[in-house]
Amino acid sequence: MTSRRRFLAALPVVALTVAACSSRHSAEEIRQSAGPLPRPQTPEDAIKVLADGNARFAGGTPQIRDTADIEIIWSSGIDQKQEPFATVLGCADSRLAPEIIFDQFVGDIFVVREAGNIAASPTNLGSLEYGQAVLKSKVLVVLGHSDCGAVNAAYKDSAPGANIQSIIDVIRQGIVGATSLEDAIVRNVRAVKDGIRRDSTLLREAEQAGDVTIVGAYYDIKTASVRFL
Ligand SMILES: [Zn+2]
């Protein structure tokens with residue numbers, strides 16, 4: 001039984017049946033009922049919150065957030081500002097929704113997505129920089145995943161043409177020597193991390209100052225588990 005379920009079980013039945021009235025529980029109460037507040041203050045804590053969230057998701061016990069919860073939290077100030085504790089650069093793959101696989105909520109993660117989880121353009125890097133410099137997220141996760149079509153195309157030296165080719169060309173540079181698709185995916189994550197540090201002075205210096213950690217991760221679609229690299 002999740003902590004949130006325990007919380008709800010302890011509520012009078014009447015409280016559950018008048019969801020729209022002004023005596024509804026506050027956003028903080030709902031957050032606390034669902035587990036520790038996801039507002040880590042250090043990069044290490046931020047990674048732990050993500051790892052714990054993924055463990056819940058992979059274990060089939062994600063925090064349950066229903067529409068009523070969303071409505072309450074949405075009206076509690078989140079429409080005025082955002083304070084995501086993590087930035088995630090993920091592949092565009094439809095199976096890789098970061099909020100879901102890390103079991104986080106609206107407002108918790110600043111997400112930048114592109115096929116192959118690459119950051120090869122100033123605009124893409126600019127989004128990642130915004131996540132740290134303005135939003136003050138504590139960790140930047142470069143999130144690769146199993147069965148990645150973009151990396152697989154580069155690994156197999158496919159030439160899809162059109163603008164898709166530009167993605168393959170970037171990935172190919174970072175996976176030289178890969179011995180398997182999984183190896184290529186991990187190499188691509190590491191190459192993207194290195195590229196961010198090389199091409200973004202802002203993020204490189206923020207990491208050196210201890211304000212953010214740039215970390216790679218691999219999501220296994222079959223097991224639903226994230227492995228930090
Ligand atoms: Zn992918």
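This note sets out numbered points on the fold, the core, the helix packing and selected residues of a predicted model.

1. Overall composition. The protein contains 11 helices and 5 strands. Of its 229 residues, 34% are buried. Contacts between residues at least 6 apart in sequence are dominated by distant pairs, since 71% of them join residues at least 24 apart.

2. The nonpolar core. In soluble globular proteins, nonpolar side chains tend to be buried together. Here the largest nonpolar core comprises 45 residues, and Leu89 and Val141 have the most contacts inside it. Two or more residues come from each of helix 4 (43-58), helix 8 (149-155), helix 9 (164-174) and helix 10 (181-199), and likewise from strand 1 (86-90), strand 2 (109-113), strand 3 (139-145) and strand 4 (213-220). Helix 10 is the greatest contributor, with 6 residues.

3. Surroundings of Val141. Which residues does Val141 touch, not counting those up to four places away in sequence? They are Leu50, Ala86, Val88, Leu89, Val215 and Ala217. Leu89 thus appears in this list and is also, with Val141, one of the two residues with the most contacts inside the core.

4. Helix 10. This helix has 19 residues and spans 26 Å between its first and last C-alpha atoms, close to the 27 Å expected at 1.5 Å a residue. Its buried residues are Ala184, Ile185, Val186, Arg187, Asn188, Val189, Val192, Lys193 and Ile196. The list therefore includes the charged residues Arg187 and Lys193 and the polar residue Asn188. The cover over the buried residues of helix 10 includes helix 7 (122-133), helix 8, helix 9 and helix 11 (201-208), together with strand 3 and strand 4.

5. Packing of helix 7 on helix 11. Two packed helices are described by the angle between their axes and the distance between the axes. For helix 7 and helix 11, the axes come within 9 Å and cross at roughly 35°. The crossing of helix 7 past helix 11 is left-handed. On the helix 7 side, Leu128, Glu129, Gln132 and Ala133 take part, and they meet Leu202, Leu203 and Ala206 of helix 11. By class, the residues of this contact comprise 5 nonpolar, 1 polar and 1 charged.

6. Leu125. This residue is found in helix 7. Is Leu125 partly exposed or buried? It counts as partly exposed, because 19 C-beta neighbours lie inside 10 Å and 20 or more are required for a buried residue. Leaving aside neighbours within four places in sequence, Leu125 is in contact with Ala119, Ile196, Asp199 and Ser200. Ile196 is among the buried residues of helix 10. Leu125 and Leu203 lie 78 residues apart in sequence, with 9.2 Å between their C-alpha atoms.

7. Two residues with positive phi. Most residues other than glycine have a negative phi, and most peptide bonds are trans. Asn117 is not a glycine, yet its phi is positive, at about 40°. Asn117 lies in the loop between strand 2 and helix 7, and it is buried, with 29 other C-beta atoms within 10 Å. Asp147, also not a glycine, has a positive phi of about 60°. Asp147 belongs to the loop between strand 3 and helix 8; with 15 C-beta neighbours inside 10 Å, it counts as partly exposed. A reviewer may wish to inspect the backbone at both positions.

8. Sequence-distant pairs involving helices 4 and 5. Asp52 is found in helix 4 and is partly exposed, with 15 other C-beta atoms within 10 Å. Its C-alpha atom is separated by 7.8 Å from that of Phe102, 50 residues apart along the chain. Ile73 has its place in helix 5 (residues 67-78). Ile73 is classed as buried because 20 other C-beta atoms lie within 10 Å, and a count of 20 or more satisfies the criterion. Between Ile73 and Gly107, which are 34 residues apart along the chain, the C-alpha separation is 9.6 Å.

9. Gly210. What is the setting of Gly210 in the chain? Gly210 occupies the loop between helix 11 and strand 4. With 10 C-beta neighbours inside 10 Å, this glycine counts as exposed. Gly210 and Lys138 are 72 residues apart in sequence, and their C-alpha atoms are 9.0 Å apart in space.

Notes: Residues are numbered from 1 along each chain as its sequence is written. This is a predicted model: local features need pLDDT of at least 70, side-chain atom pairs count only at pLDDT 80 or more; totals for chains, interfaces and linings use all residues. A nonpolar core is a set of buried Ala, Val, Leu, Ile, Met, Phe, Trp, Tyr and Cys residues joined through C-beta atoms within 7 Å. A residue is buried if 20 or more other C-beta atoms lie within 10 Å of its own, exposed if 12 or fewer, and partly exposed in between; C-beta atoms are placed from the backbone. Helices (H or I, at least four residues) and strands (E, at least two) are DSSP runs, numbered from the N terminus. Two residues are in contact if their C-beta atoms, placed from the backbone, lie within 7 Å. The expected span of a helix is 1.5 Å times one less than its number of residues. Axes are lines fitted to C-alpha atoms, for helices over the stretch in contact, and angles run from 0 to 180 degrees between N-to-C directions. A crossing is left-handed if the near helix is turned anticlockwise from the far one by less than a right angle, and right-handed if clockwise.
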